[in-house]
Amino acid sequence: MKKLTALLLALVMVLCMSAYAEEAADAKEIGIAIYSMAADSCVAIVENARTAAEARGWTINLQDANGDPSTQADQMNTLITAGVDVIFLNPTDVASLKPSLEAARDAGIPVIGIGMQMNDECMALLDSFAGLDDYTMALGVANYVVEKYNGQGAKMAIITGQAGTDPTFKTVEAINTALAGSDITVVGEYEGKFDSAEAMAITENLLVSNPDVKIIFTQDHVMAGGAISAIADAGMTGEVAVVAPCGMLDYLDFIRDGSAEMFGLILWEPMGSFLIDLAADMFAGEEIAPIYFQEPLAVTLDNVDSIDVSQFQFVAAE
């Protein structure tokens, strides 16, 4: 009996050790190199990813660059040295991270890009990318402007994110394409640095230097919020239309209260869990697409209360 008991205990120990070893083998450390946790869209992505990762028993190694490319390069090296299983990279710029991407590839660590597309050399070093198509986003918003304001001789100002970057180039290109042949005049392009306070200051100056400006197009919702604040402070809400690509549901309140006229909406909230599922497929040896996009949805006062998260899915780009 004692021998049988000892045998059973040994068997239980073996099974427990085997289960522990299997669980340890399945556990993954996910590195996230994020642009800046000061941005609400970045917070949404990280928290959504963290929830999905914890459900799988995975851990998150978060590195916040606070918008600084040199800091992010150092943090990429930190993640590589830590030997994480995959890196989700939300880049601070479009070109400078090439050495970091090469180092990750040399270390055998896959990298999935998030949000902003980088230049061709950097994109070629990614294992996949999930984000937005800046041209498509901007074109939808600009087409709305033309449909609404063509024939009125309206003046429009553009507040971009980072000057000289590919997303800004695509945004301006899309606007110019949409405006071609219309009588809408662009009074200027201004670099808002994806910062609400910067966009607010630009708009305050604009309302003085171009008091007849009718439309302000911002490259994202954060800068739209800054423009909206300046317009409200000037007592001009409803007189100057704010339009923008948008990535957060909370900002739809600006549509509801009439502070913004139109947003080309995608949703960042589902991105974190999508990335975790994508990584799981990759770990399982399944083929993943090079690029995944969300299709933007035009949101105005007419449809703002019918928006549902289920309408927003990431799909492989053709």
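Visitor: What span is expected of helix α6, and what does α6 reach?

Guide: Helix α6 (a DSSP run of H or I, at least four residues, numbered from the N terminus) covers residues 134-149 and has 16 residues. At 1.5 Å times one less than its number of residues, 22 Å is expected, and α6 reaches 22 Å from first C-alpha to last. This is a predicted model, where local features need pLDDT of at least 70, side-chain atom pairs count only at pLDDT 80 or more, and totals for chains, interfaces and linings use all residues. Residues are numbered from 1 along each chain as its sequence is written, and side-chain values use heavy atoms, without hydrogens and water.

Visitor: Which residues of α6 are called buried?

Guide: Buried means under 20% relative accessible area, with a 1.4 Å probe and protein chains only. In α6, the residues that meet this include Met137, Val141, Val145 and Tyr149.

Visitor: Why are α6 and α7 called roughly parallel?

Guide: Their axes (lines fitted to C-alpha atoms over the stretch in contact, with angles from 0 to 180 degrees between N-to-C directions) cross at roughly 30° and come within 8 Å. Angles under 35 degrees count as roughly parallel, so α6 and α7 are roughly parallel to each other. The contact (heavy atoms within 4.5 Å) includes Ala138 and Ala142 of α6, and Ala174 and Ala178 of α7.

Visitor: What makes α2 oblique to α11?

Guide: Helix α2 (residues 40-55) and helix α11 (residues 271-283) pack at about 45°, with axes 6 Å apart. Oblique is what remains outside under 35, 65 to 115 and over 145 degrees, so α2 is oblique to α11. Their contact includes Ala49 of α2 and Leu275 of α11.

Technical notes
Helix = DSSP H or I, 4+ residues; strand = E, 2+ residues; numbered from the N terminus. Buried < 20%, exposed > 50% of the residue type's maximum accessible area, 1.4 Å probe, protein only.
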